[in-house]
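Colleague: Please take one part of this model and go through it closely. I would like a connected account rather than a list.

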Amino acid sequence: MKLSQEQLEFFHREGWLFLPELFSQEEVDLLAREAVGIYDADRPEVWREKSGAPRTAFAAHLYNEAFGILGAHPRMIEPVEQLFGEPVYMHQFKINAKSAFTGDVWQWHQDYGTWKRDDGMPEPRAMNVAIFLDEVMPINGPLMLVPRSQNAGDLEASHDLATTSYPLWTLDEDTVTRLVKQGGIVAPTGKPGGMLMFHGNLVHGSAGNITPYPRKIVYLTLNAVSNYIRTPTRPDYIAHRDFAPIKTVEDDALLRLARAPRQAAE
């Protein structure tokens, strides 16, 4: 799984890249089913909106076989290793649920701002790689990105502990307005199985979801092994302390797992 020169140039210029339908419907159906079961579980890793609806589930790769495979899948790992020029480890793994009707906002922020302040990450040599588990549409709270905003560096942020159930280092309106005037806003949409990757300093956020259409997205936060976190303050199921390089699985590993129950019944 290698990015083309054109894709590399686009990422370095714009700060993000979307690869549509990288995973098959069969693979995604398995992950979506497993995600629903995880959201229903009473675990400390599952955080909920103020309404009680699931907001995010952390570290599923450590206790669920399907997400364990996804967390070591070459289609997700190899492009990031290509960009960083070194092996990566899993800094964070989460399944974000933008539930139908009740999915809440994610305020404007940079991911590296949180990784630096809360986890002691030295440099923005980590990034989120996301897989759509549902169709992401313009109407159901898609992720909004500010292209080229990664070039603004690490921006001043405030720790928002009140807006939602999830604490976040957020950007003020003047900063966001200035960056949007320079780069605009894009909201990548697509069918289940699409993969979105974006720079750790890229400014982004998402509106609430008041539609009947849920929007589940899995995020792998992959960090260069040389950039391991120094002073974590969050639980290890949020900011992992295992800095070993990820060893990838076979490309068809997820598909084989999806087909295993059917084959066993035949």
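Modeller: A residue is called buried here when its relative accessible area is under 20%. This is a predicted model, and the part I have chosen is strand S10, residues 195-199. By that cut-off S10 is mostly covered, with four of its five residues buried.

Two strands pair with S10. Strand S1 (residues 16-19) runs antiparallel to S10, and the two are joined by four bridges. Within this pairing, Trp16 has Phe198 of S10 as its bridge partner. Strand S6 (residues 126-132) is also antiparallel to S10, over five bridges. Here Met127 is bridged to His199 of S10.

The start of S6 leads on to another residue. Ala126, which falls within the range of S6 (residues 126-132), is in contact with Asn227. Asn227 itself sits in the loop between strand S12 (215-224) and helix H7 (253-265). With a relative accessible area of 2%, Asn227 is under the 20% cut-off and therefore counts as buried. Setting aside neighbours within four places in sequence, its other contacts are Tyr89, Met121, Pro122, Glu123 and Arg125. To one of these, Glu123, the Asn227 side chain makes an approach of 2.6 Å, at the backbone oxygen.

For a helical element, take H2, residues 25-40. Its 16 residues at 1.5 Å each should span 22 Å, and the C-alpha atoms at its ends are 23 Å apart, so the two values agree. Buried residues of H2 include Glu27, Val28, Leu30 and Leu31, and further along Ala32, Ala35, Ile38 and Tyr39 are buried as well.

Definitions and conventions. Residues are numbered from 1 along each chain as its sequence is written. This is a predicted model: local features need pLDDT of at least 70, side-chain atom pairs count only at pLDDT 80 or more; totals for chains, interfaces and linings use all residues. Side-chain values use heavy atoms; hydrogens and water are left out. Buried means under 20% relative accessible area, exposed over 50%, partly exposed in between (1.4 Å probe, protein chains only). A polar contact is a pair of N or O atoms within 3.5 Å; within protein, one must be able to donate a hydrogen and the other to accept it, and residues adjacent in sequence count only if both atoms are side-chain atoms. Contact means heavy atoms within 4.5 Å. The expected span of a helix is 1.5 Å times one less than its number of residues. Two strands pair if DSSP finds at least two bridges between them.
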